[in-house]
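Welcome! Take a moment to turn the model around on your screen, and then let us walk through it together.

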Amino acid sequence: MLHDARTFDILWANRAACELLGWSVDELKPLKAPDMSKNARQYSRELGHRWLGRAVEQGVSATEWCYRSKSGEEILTEAIAIRVELAARTAVMVQFRDIAEEKAVRRDLFRTENRLRAFLGGLAEGIVVLDDADSVVFASESALRLLGGDLDGADFTAYCCDGPVPEREGRYRFAGPGQAPRWYAATCQHIEIESDLRGRMLLFYDITDRVRAEERHRRDTQHLDHLARYNAMGDMAMAIAHEVSQPLAAAYNFVEGARGRLGHGAGDASVAWGLDNAVRQIDRARRILGSLRSYVGRLEQSEQLTDLNAIVRDCAYFIELRAQEHAVTVEFDLTGEPLPVRCENVLIGQVVMNLAFNAVEEMARWPGKERGVGVQVTTRRGEGGRAELAVRDQGHGPPPDNRIFDGVFTSKENGSGIGLALSHRIVTRHGGHIEVHPNEPRGAVFRFTLPPAPSQAETESS
């Protein structure tokens, strides 16, 4: 549209302006700002004249102006006023275009960008994109939180503690400037977003606590293996001492009887000398066996005051890992209050895991649709304040006899039965009791109880 530079009256409009506003040129000429602008303060006649006046004074002036068409539709436009020197007069040419859709798109883009920024900022995973030289071309806020420092443009190999930048999924150690190395699970893939972003995208998240827990479990397992072998040696020693002591006692009696029947001849003297030495060797063997029996009987455990629920929670991660391998569901139902006991944590933890692993492997033999809830691990406070743990499955149930804890029974194809026997030994050594009975409607319940830990007053008095 063309306006007079002094009165700002409309002089002329091209076809595009007439089509957009719905007026003909003759209809537009007598119109004033209130007739063709949105009824709002920022589109008043005074502000419109001020805008056109700046164009007259400065040559050009731009603004956003909301026109109102003949039908009443409001049209937001980008309007540019330009002073034009005509032969007859000075005029102001206004070029304007509909920007309503563009503004809506900008709002959507702004909203989407804010959402993406919020999502990326809240991610636990760090994201970096590397170029062919392993330099960082993009780093998310979560990556900055995890590694610290200014990652943009940095050589990412300086953050890798175990060699080159990862090229495949795995576990790696990363460390930012001045930080101790931590373990991360990382995946890598190639991305190419038109001409904006191209390179290897590395996603990583902190698994240091998990790795440390697995390392502790490995050490505990080694310790448990040592204790299990130690206990097995004790069992063997006790059995040998018991079995050998009887023939030694009989041999001693026979030797004494033979000595009593000897005469006093020279030949008898030499035989007596041999029998006396045999008696001394038998006495020596009996003393050795007595010392061995006494030593095994005094075998002490490294006990400490702890919470049975805490032991179960420490074992839960490894139980769930085993259950996931066999697609078995495990539920934990622990008491809200602590269950204090005095025990060797590793040994009691091994009992918990042994019972749970057996239950998981029992359920793994059933078809998926028949596994039901799977395995339940519960803790309760029993009679006399005793701490109680039960592992329930929905398998075939316990055997019909009481051989299950004697080291002979096993339901596994390649099992030895030592696990349940060792569990029985560990629990009874702690003054506890372990038992098994049928579950309803099917399966077995393995339950053990431990005596409650003595109170502080009882400990001090003792």
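Let us begin with a single residue. Ala327 counts as exposed, because its relative accessibility is 59% and exposed means over 50%. This alanine is found in the loop between helix H9 and strand E12 (330-333). Its phi is near 55 degrees, a positive value in a residue other than glycine. Please keep in mind throughout that this is a predicted model.

**The protein as a whole**

Stepping back, the protein has 462 residues, and buried ones make up 36% of them. Its secondary structure comes to twelve helices and 17 strands. The accessible surface is about 27,100 Å², and carbon and sulfur atoms hold 52% of that area. Among the contacts with a separation of 6 or more, 54% are between residues 24 or more positions apart.

**Two helices to follow**

Ala327 comes after H9, so to speak of that helix next is a natural step. The table sets H9 beside helix H10.

| Helix | Residues | Number of residues | First to last C-alpha | Expected span |
|---|---|---|---|---|
| H9 | 308-325 | 18 residues | 26 Å | 26 Å |
| H10 | 345-364 | 20 residues | 28 Å | 28 Å |

H9 bends by about 40 degrees at Ala316. Ala316 is also one of the buried residues of H9, a list that includes Leu308, Ile311, Cys315, Phe318 and Ile319 as well. At the start of this helix, a side-chain oxygen of Asp307 comes to within 3.1 Å of the backbone nitrogen of Asn309.

How many of the 20 residues of H10 are buried? The count is 16, so H10 is largely enclosed by the rest of the structure. At its start, a side-chain oxygen of Glu344 reaches to within 3.1 Å of the backbone nitrogen of Leu347.

**The nonpolar cores**

The largest nonpolar core has 41 residues, and those with the most contacts inside it are Ile319, Ile348, Leu355, Val375, Leu389 and Phe448. Several elements each supply at least two residues of this core, among them H9, H10, helix H11 (418-429), strand E14 (375-381) and strand E17 (444-450). Which helix gives the largest share of this core? That is H10, with twelve residues.

Ile348 is a good place to look inside this core. Beyond its neighbours within four places in sequence, Ile348 is in contact with Leu308, Ile311, Cys343, Ile426, His430, Phe448 and Leu450. Two of these names, Leu308 and Ile311, are already familiar as buried residues of H9.

There is also a second, separate core of 27 residues, which includes Leu28, Tyr43, Trp51 and Ile99.

**Two serines and what they touch**

Now look at Ser140, in the loop between strand E7 (136-139) and helix H6. Is Ser140 buried or exposed? Ser140 is buried, because its relative accessible area is 2% and buried means under 20%. Leaving aside neighbours within four places in sequence, this serine is in contact with Glu125, Gly126 and Ile127.

Ser142 lies in H6 itself, which spans residues 141-147. At 1% relative accessibility, Ser142 counts as buried too. Glu125 appears again here: its backbone oxygen lies 2.5 Å from a polar atom of the side chain of Ser142.

**Some loops worth a look**

Asp134 lies in the loop between strand E6 (126-130) and E7. Its phi is positive, near 65 degrees, in a residue other than glycine. With a relative accessibility of 16%, Asp134 counts as buried.

Ala180 sits in the loop between strand E8 (170-174) and strand E9 (182-193). Ala180 is exposed, with a relative accessible area of 56%. Setting aside its neighbours within four places in sequence, Ala180 is in contact with Phe174 and Ala175.

Finally, which residues does a cis peptide bond join? They are Glu440 and Pro441, and omega is about 5 degrees. Pro441 is found in the loop between strand E16 (433-438) and E17, and E17 is among the strands that supply at least two residues of the largest core.

Conventions:
Residues numbered from 1 in each chain as written. Predicted model: local features only at pLDDT ≥ 70, side-chain atom pairs only at ≥ 80, totals over all residues. Heavy atoms only, no water. Helix = DSSP H or I, 4+ residues; strand = E, 2+ residues; numbered from the N terminus. Expected span 1.5 Å × (residues − 1). Bend = angle between axes of the 7 residues up to and from the residue. Buried < 20%, exposed > 50% of the residue type's maximum accessible area, 1.4 Å probe, protein only. Polar contact = N/O pair within 3.5 Å; in protein donor to acceptor, adjacent residues only side chain to side chain. Contact = heavy atoms within 4.5 Å. Areas by Shrake-Rupley, 256 points an atom, 1.4 Å probe, with all protein chains shown as cover. Core = buried A, V, L, I, M, F, W, Y, C linked by side-chain atoms within 4.5 Å.
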